[in-house]
Every structure is written in C-alpha cells, then in structure tokens.
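User: I am new to this structure and should be grateful for a close look at a single part of it. Please begin with that part and then explain, in one connected account, what surrounds it and how far the model may be relied upon.

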Amino acid sequence: DGIPFPPGVDYWKETFGSWNGLMLPWCVWFTIVHITAGVASKFYTAMSAHSMLPCVSMEDATHLIVDEQVFVDPDDVVDPDETQGEDSWITKRLARLTQRVKRAKARQVMKIEEDADGTRHVEYTCVRYIYNEDTQSFVPMGLIDPDPQEAHAILARGGLSEELAAETLAAC
C-alpha cells in the first residue's frame, strides 16, 4: 500500500539504522535553514530593494532607494599593488562580500508620500524632498544656506521675517 504518512518509528529505524543516522541529516538541514534565515533577516532591506523593478520615470515611482556614502577609514585603505600577489581567491571573494554588506547597510528604501494637494515628497535626514516635474527628480525644499554674515544678520533681526518664514513653510 505504500508508506503511511507520517511514517512510524519502524520506518525511520529501518531507513537510517539508528538514532545517530537520523540526527546527522536533521542537524545539517536545521543548520542550513537557520543560517539562511539569519542572513535573509539581516539583509531583508537590501534584498527587497534589489528585487524592485525600476521605473522609466520618477513620476511613476512608488518608492525611492537612497544609497548613502559609506565612511572610509583611512587605516582600512590598502594599496592593491602591495597585496595583489598575496591574495588568494577566497580572500578576494571575502573582500567582495564585505563590500556588498557595507553597501547593503547604507541603502534605504523609502515610500513616496502624496499630500492632499497632489505634491509628492520624501522625508530623509530631516529634509523634505519634493518632486520637481521639470527635472523629474526630488529636490530639497525649505533649505536656507546663508553665509556667516547673513546668518549673523538674521540672528540680529530676531530670525526670519514673517513673510519669508511663511514662504519657506509653504514651499515645504
């Protein structure tokens, strides 16, 4: 009639011979599954960003991917000419994997929000970026970049004027 499901103890004992014969494949499979799950959970954001399909235009986009610049420690920089002969294939693969992990940690996926008036925007690092149809990109709004003299003059006046403050808030 075939094998009943789930198989009984006799089936497992005949197939694997003993408890040790059953535990070895189970432990190997358990380890593989949990390592895969751990890696997947660590890099979930990078994997979901990698699987997104690009749009023809930012006008159609629903999410925005931001790749931050990764800080490079001068002590970690190595001249490739000095170590080229010493590197084995595994060292090169490990270095490539390390770079991919650093890039994945610096990547963020953000949902593009739309206001009631139809303005599409993204907020990132406390700056609001609004979609500009002319350049088909998100541009920062409400930023004031005064030089030191202008900053002292604004501070001496007690801040921005009501009109300039309202204009800046309206743009955001």
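Analyst:
**Helix 6 and its setting**

Helix 6 is hardly covered: of its 10 residues, the count of buried ones is 1. The model is a predicted one, and the description below should be read in that light. The helix is followed by Gly-158, a residue with a positive phi near 95°.

On the other side of helix 6, which spans residues 148-157, a loop connects it with strand 6 (137-141), and Ile-144 has its place in that loop. Is Ile-144 buried, partly exposed or exposed? It counts as partly exposed, because its relative accessibility is 45%, and the partly exposed class runs between 20% and 50%. Ile-144 also has a distant partner in sequence: Thr-168 is 24 residues away along the chain, yet the two C-alpha atoms are 8.9 Å apart in space.

Going back through strand 6, one reaches the loop between strand 5 (127-132) and strand 6, where Gln-136 is placed. Gln-136 has a positive phi of about 50°, although it is not a glycine. With a relative accessible area of 41%, Gln-136 is partly exposed.

**From the loops to the strands**

Strand 5 contains Arg-128. Arg-128 counts as buried because its relative accessibility is 18%, and the limit for burial is under 20%. How many salt bridges does the structure hold? There is 1 salt bridge in the structure. Arg-128 forms a salt bridge with Asp-115, and the closest N and O atoms of the pair are 2.5 Å apart. Because Arg-128 belongs to strand 5 while Asp-115 lies in the loop between strand 3 and strand 4 (120-124), the pair ties together parts that are 13 residues apart in sequence. The two partners fall into separate accessibility classes: Arg-128 is buried at 18%, whereas Asp-115 is partly exposed, with a relative accessible area of 29%.

His-121, found in strand 4, joins this group. Its side chain makes a polar contact with the side chain of Asp-115 at 3.5 Å and another with the side chain of Arg-128 at 2.9 Å. His-121 is buried, since its relative accessible area is 6%. Which residues does His-121 touch, leaving aside those up to four places away in sequence? They are Lys-111, Ile-112, Glu-113, Asp-115, Arg-128, Tyr-129, Ile-130 and Phe-138.

Ile-112 recurs in the surroundings of Ala-61, which touches Cys-55, Ile-112 and Arg-120 once residues up to four places away in sequence are set aside. Ala-61 lies in the loop between helix 3 (44-50) and strand 1 (63-67), and it counts as buried because its relative accessibility is 7%. Lys-111 is 50 residues from Ala-61 in sequence, but 9.2 Å separate their C-alpha atoms in space.

**A patch on the surface**

Elsewhere, Leu-24, Val-28, Trp-29, Ile-32 and Val-33 form a nonpolar patch on the surface, with about 510 Å² of accessible area together. One of these residues, Leu-24, lies in helix 2 (residues 19-42). Leu-24 counts as exposed because its relative accessibility is 58%, and the exposed class begins over 50%.

**The chain as a whole**

The part examined at the outset belongs to a chain with 7 helices and 6 strands. Read along the sequence, these elements follow the pattern α-α-α-β-α-α-β-β-β-β-β-α-α. Of the 172 residues in the chain, 13% are buried. The chain exposes about 14400 Å², with carbon and sulfur atoms supplying 58% of that area. Among contacts with a separation of 6 or more, 51% are between residues 24 or more positions apart.

**How far to trust the model**

The mean pLDDT of the chain is 79, and 84% of the residues score at least 70. Where is confidence lowest, and where is it highest? It is lowest in helix 4 (residues 80-83), at a mean of 64, and highest in strand 3 (residues 113-114), at 90. Where pLDDT is low, the predicted coordinates should not be read in detail.

Conventions:
Residues numbered from 1 in each chain as written. Predicted model: local features only at pLDDT ≥ 70, side-chain atom pairs only at ≥ 80, totals over all residues. Heavy atoms only, no water. Helix = DSSP H or I, 4+ residues; strand = E, 2+ residues; numbered from the N terminus. Buried < 20%, exposed > 50% of the residue type's maximum accessible area, 1.4 Å probe, protein only. Patch = residues over 30% accessible without salt bridge, like charges linked within 9 Å, V, L, I, M, F, W, Y side chains within 5 Å. Areas by Shrake-Rupley, 256 points an atom, 1.4 Å probe, with all protein chains shown as cover. Salt bridge = Lys/Arg side-chain N within 4 Å of Asp/Glu carboxyl O. Contact = heavy atoms within 4.5 Å. pLDDT = per-residue confidence, 0-100. Polar contact = N/O pair within 3.5 Å; in protein donor to acceptor, adjacent residues only side chain to side chain.
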